[in-house]
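Let's take a walk through this one, starting with the whole chain and then stopping at a few local details.

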Amino acid sequence: MACDEEISKLKEQITCALCGQLFKDPVTMGCGHTSCKDCLAKLVISKDGKVTCPTCSTECSPVDIVDNELAAKLVETLKKILELKPDEGDECQKHNLPYTVFCLDDMKLMCDKMAKEHPDCRTVPIKEAADRFKEKLQQVLENLEVQAKENVGRDEQKNLIDLKNQGDKVRDKIENAFEALKKYLDREESAIIQQVEAQEEIFLQQLEDGSSETGGNPVTIEHLIADIKNTLSKDDIPLLKNVGTIFDRNGALLRKPKESPMDLSQGGFNVPLQYAVWKRMLKHLDTVPTLVTLDPLTANGHLILSQDGTEVRVGDKQEDIPDNPERFSRWLSVLGSEGFSAGKHIWEVEVGDSTVWQVGVAKGSVPRKRGFTPFHWQESRKFFTPEPQAGVWALALQDGDYTALTSPPIELRLKGKLRKMGVYLEYEAGLVSFYNADDVSHIYTFKDKFTEPIYPYFYIAHKGDALKLTPLGI
């Protein structure tokens, strides 16, 4: 154990502060600090020809930079010692080169050669990646420690009681929701039946009125036809004597047959009944489909939106549009046009055959340009991590895997391919739930606390892919 500690101290002393790796061709500046020769060469030279030490910020003249043979020998010695430890190594086994960067996509270390073989991967220097994940691990640790404190003294019996209470609350919620629907449908049924009965009474009254006008013998088409046939069968003089009881001086019928009453299945009752009831029911629901459109002012320059603002896809080249403050300039994302500060909202997104996407919600202050505060990225970094700490609550598909973008991400096991997804936002409760829109089966729920407007959030990366907002139907 003591030997390992000494090795660790030695390793720390001969590690470059710039690249985070063991010295390679170490050189020492006039201030006494040592770095890799190539790393030092990348530093900016001031107007007076001096270089600022990355460790102590002392300005040193290039003529004072000399090779450090002792540091080089210490590096070689340490490498030989580490070769005796099979579980420890700082080199890529494939290329026998030292690790220099960490891939955020594959979550693994890479040497320079491996990084060149994967140019599309998001890579960061090892020290930066280590600092970032140290902070993330610390956050997870703190959350777990809080949970552990909350669970102190909890026995199995108390857990069972809590579970039973939760079950009772969920059952009450379901029963109340269905009871409200049943009462509404009962009222609708009674109201429609009363309308039918009222219309039936009107038609019956019309029939009775027509019967009284004809002395209880209503004129029907059959009666009139028989009378006319009888008149036609007579000779001229008898026919003319009788025709005055059929026509007036203008040749119009004196006795018109009573029209049949309107069919009750027609008129006001021939609309699709379930659709009509559903339309009226929307006024009584606390959660109704939300009309969501995409905000072109937030869309990354590589994204193309449809005319009606319901579809987004990746273009062949970046559009010539102004880089306004609202626009995502580094991330292929776009927000919804309307933000929500209260209430319950639901919308659906067709992901189809798209291969890389993220769909969910984001707070209005989500980073849109460069770095972000939670992990102290350098200002020049191009990417941020979409997760609750950065103000994004979303699900994602990448490399065929569905994940909830928590910190760290959670892999989701779905049955079959997800083609249309629903997003349900309950602002006051701090809930964002996702469901399969084809069978309305639950996928995942985020729980948080919202303190600012929340916007629909979309990310898409591959050409040919598209995300489309779809209207909710019955």
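What follows covers the overall make-up, the backbone oddities and the salt bridges.

## The chain as a whole

First things first: this is a predicted model. The protein chain carries 9 helices and 23 strands. It has 474 residues, and 32% of them count as buried.

What share of the contacts with a separation of 6 or more comes from residues 24 or more positions apart? In the protein chain, that share is 60%. As for the outside, the accessible surface adds up to about 30500 Å², and carbon and sulfur atoms own 53% of that.

## A cis bond before a proline

Some background for the next two stops: most peptide bonds are trans, and most residues other than glycine have a negative phi.

Now look at Ser-407 and Pro-408, which are joined by a cis peptide bond with omega at about 0°. Where does Pro-408 sit? Pro-408 is in the loop that runs between strand 17 (401-404) and strand 18 (410-412).

## Two positive phi values

Ser-57 isn't a glycine, yet its phi is positive, near 70°. You'll find Ser-57 in the loop between strand 3 (51-52) and strand 4 (59-60). Is Ser-57 buried or exposed? Its relative accessibility is 53%, so Ser-57 counts as exposed, the cut-off being over 50%.

Asp-399 is another non-glycine residue with a positive phi, here near 55°. The loop that holds Asp-399 connects strand 16 (392-398) with strand 17. Asp-399 has a relative accessibility of 63%, so Asp-399 counts as exposed too.

## Salt bridges

How many salt bridges does the structure hold? There are 5, and three of them get a closer look here, beginning with one inside a helix.

Lys-127 pairs with Asp-131 in a salt bridge, with 3.3 Å between the closest N and O atoms. Both residues belong to helix 5 (residues 126-150), where Lys-127 and Asp-131 are 4 residues apart, or about one turn of the helix. Lys-127 is partly exposed at 44% relative accessibility, and Asp-131 is partly exposed as well, with a relative accessible area of 37%.

## A bridge across the sequence, and another pair

Next up is the salt bridge between Arg-419 and Asp-353, whose closest N and O atoms are 2.9 Å apart. This pair ties together distant parts of the chain, since the two residues are 66 residues apart. Arg-419 sits in the loop between strand 18 and strand 19 (420-426), while Asp-353 sits in the loop between strand 14 (344-350) and strand 15 (357-363). What about their exposure? Arg-419 counts as partly exposed at 35% relative accessibility, whereas Asp-353 is exposed, with a relative accessible area of 54%.

The last pair on the tour is Glu-411 and Arg-413, a salt bridge with its closest N and O atoms 3.2 Å apart. Glu-411 is partly exposed, with a relative accessible area of 44%. Arg-413, on the other hand, is exposed, and its relative accessible area is 73%.

Definitions and conventions: Residues numbered from 1 in each chain as written. Predicted model: local features only at pLDDT ≥ 70, side-chain atom pairs only at ≥ 80, totals over all residues. Heavy atoms only, no water. Buried < 20%, exposed > 50% of the residue type's maximum accessible area, 1.4 Å probe, protein only. Contact = heavy atoms within 4.5 Å. Areas by Shrake-Rupley, 256 points an atom, 1.4 Å probe, with all protein chains shown as cover. Salt bridge = Lys/Arg side-chain N within 4 Å of Asp/Glu carboxyl O.
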